[in-house]
Amino acid sequence: MYIADPNRYNNMLYLRCGKSGLKLPAISLGFWHNFGDGDPFDNMRKIVQRAFDLGITYFDLANNYGPPPGAAEENFGRIFKLDLNPYRDEIIVATKAGYKMWEGPYGDWGSKKYLLASLDQSLKRMNLDYVDIFYSHRPDPETPIEETMEALYQAVHSGKALYAGISNYNPEQTKIAYSAAKQIGLKLIVNQVRYNMFARDVENGLFDTLNELGMGAVIYSPLAQGLLTDRYLDGIPEDSRVRKSGVFLKESDITPERIEKVKKLSEIAKRRGQTVSQLALSWILRNKVVASVIVGASKVSQIEDNVGCINNLEFSEEELKEIEEILK
């Protein structure tokens with residue numbers, strides 16, 4: 001039987017999510033990749049156990065994570081039942097709905113019918129009574145935002161979710177969603193968005209909007225699908241994500257120019273006593289609106305490396321300038 005490390009909270013940093021009462025670990029574990037039916041279950045289990053032992057209390061899922069869609073939630077449910085059930089009150093489980101899950105007009109986007117049906121399915125797959133955060137995974141251009149917010153309100157007030165969030169909403173969409181939610185007595189606490197050294201769109205107003213509304217940011221794809229690591233510095237490994245799927249990170253993304261930038265960033269990281277992935281994560285966490293950064297992992301050593309970033313979160317002005325010069 002798995003028994004969690006009694007020292008698991010000693011070295012993790014916990015950050016408040018906006019102006020809510022919820023604190024999240026600086027590093028969270030995402031189930032977007034490596035938790036599908038084609039992945040070894042024993043390896044998934046080891047990754048989750050090690051993550052919790054390192055103080056990672058937030059596990060981030062979505063209805064469509066797999067493959068096939070739903071598989072990540074099912075696998076997490078098995079791991080939860082085997083290992084984490086005694087620790088339910090120490091754990092944040094989040095899931096999302098917004099992408100296609102089943103055929104017909106009710107299996108996609110942001111209607112109340114779809115979101116609430118999806119949440120029920122997610123709870124069944126994970127064998128949970130509730131999730132801690134339920135997200136609208138993307139804005140729906142055809143469903144009134146009021147209806148999507150009503151669905152999140154119903155999820156929270158039925159006890160099937162404790163908090164509500166949005167994901168992939170731009171600044172204007174975030175303001176409209178926040179206002180619609182507030183009018184019916186629902187507080188949105190978080191927007192989960194993509195952000196890394198190579199993808200910085202959210203710096204153009206979104207962080208300011210979240211700060212103004214008292215919402216937190218949870219970041220996904222912080223390492224640009226593995227590009228901001230030392231993994232591709234000497235070519236493309238055969239066991240890499242590019243070779244295995246090539247969907248979210250394509251061979252065409254790994255340009256000589258980007259590799260040169262990663263090599264220069266690696267030099268800064270070495271001076272700081274960090275790996276390049278630790279540097280990339282620390283760089284994101286310097287932003288005070290960020291409550292947590294979601295990392296993926298295909299092996300335990302990656303989780304251990306990523307969590308090490310919190311040992312050096314301070315940057316000098318010179319370092320930040322040097323990083324900006326590289327990223328130009």
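Contact here means heavy atoms within 4.5 Å. By that criterion, and leaving aside neighbours within four places in sequence, Met149 touches Ile166, Tyr169, Ala177, Ala180, Ala181, Ile184, Leu186 and Leu188. The model is predicted. This briefing covers the packing of helix α4 against α3 and α5, the nonpolar cores, and the site of Asp253.

**Helices α3 and α4**

- Helix α3 spans residues 112-126 and helix α4 spans residues 145-157; their axes lie 8 Å apart at an angle of about 30 degrees.
- Because angles under 35 degrees count as roughly parallel, α3 is roughly parallel to α4.
- The two helices, α3 and α4, cross in a right-handed sense.
- On the α3 side the contact is made by Lys112, Leu115, Leu116 and Leu119, and on the α4 side by Glu147, Thr148, Glu150, Ala151, Gln154 and Ala155.
- Sorted by class, the residues of this α3 contact with α4 are five nonpolar, two polar and three charged.

**Helices α4 and α5**

- Helix α5 covers residues 171-183, and its axis comes within 9 Å of that of α4, with a crossing angle of roughly 55 degrees.
- That angle makes α4 oblique to α5.
- The crossing of α4 with α5 is right-handed.
- From α4, Ile145, Glu146 and Met149 meet Ile176, Ala177, Ala180 and Ala181 of α5.
- By class, the contact of α4 with α5 holds six nonpolar residues, no polar residues and one charged residue.

**Nonpolar cores**

- The largest nonpolar core has 97 residues, and the members that touch the most others are Ile27, Leu29, Phe31, Phe59, Met149, Leu188 and Ile303.
- Helix α9, residues 276-285, supplies the largest share of this core, with seven residues.
- A second core, separate from that one, has 13 residues, among them Ile92, Ala94, Ile189 and Val218.
- Met149 thus appears both in the α4 contact with α5 and among the residues of the largest core that touch the most other members.
- Leu188, which is in contact with Met149, is also listed among those residues of the largest core.

**Asp253**

- Asp253 sits in the loop between α7 (241-244) and α8 (256-271).
- The relative accessible area of Asp253 is 25%, so the residue is partly exposed.
- Buried would require under 20% and exposed over 50%.
- Asp253 and Leu227 are separated by 26 residues in sequence, while their C-alpha atoms are 8.6 Å apart in space.

Technical notes
Residues numbered from 1 in each chain as written. Predicted model: local features only at pLDDT ≥ 70, side-chain atom pairs only at ≥ 80, totals over all residues. Heavy atoms only, no water. Axes fitted to C-alpha atoms, helices over the stretch in contact; angles between N-to-C directions. Helix = DSSP H or I, 4+ residues; strand = E, 2+ residues; numbered from the N terminus. Parallel < 35°, antiparallel > 145°, perpendicular 65-115°, else oblique. Left-handed = near helix turned anticlockwise from the far one by under 90°. Nonpolar A, V, L, I, M, F, W, Y, C, P; charged D, E, K, R; others polar. Core = buried A, V, L, I, M, F, W, Y, C linked by side-chain atoms within 4.5 Å. Buried < 20%, exposed > 50% of the residue type's maximum accessible area, 1.4 Å probe, protein only.
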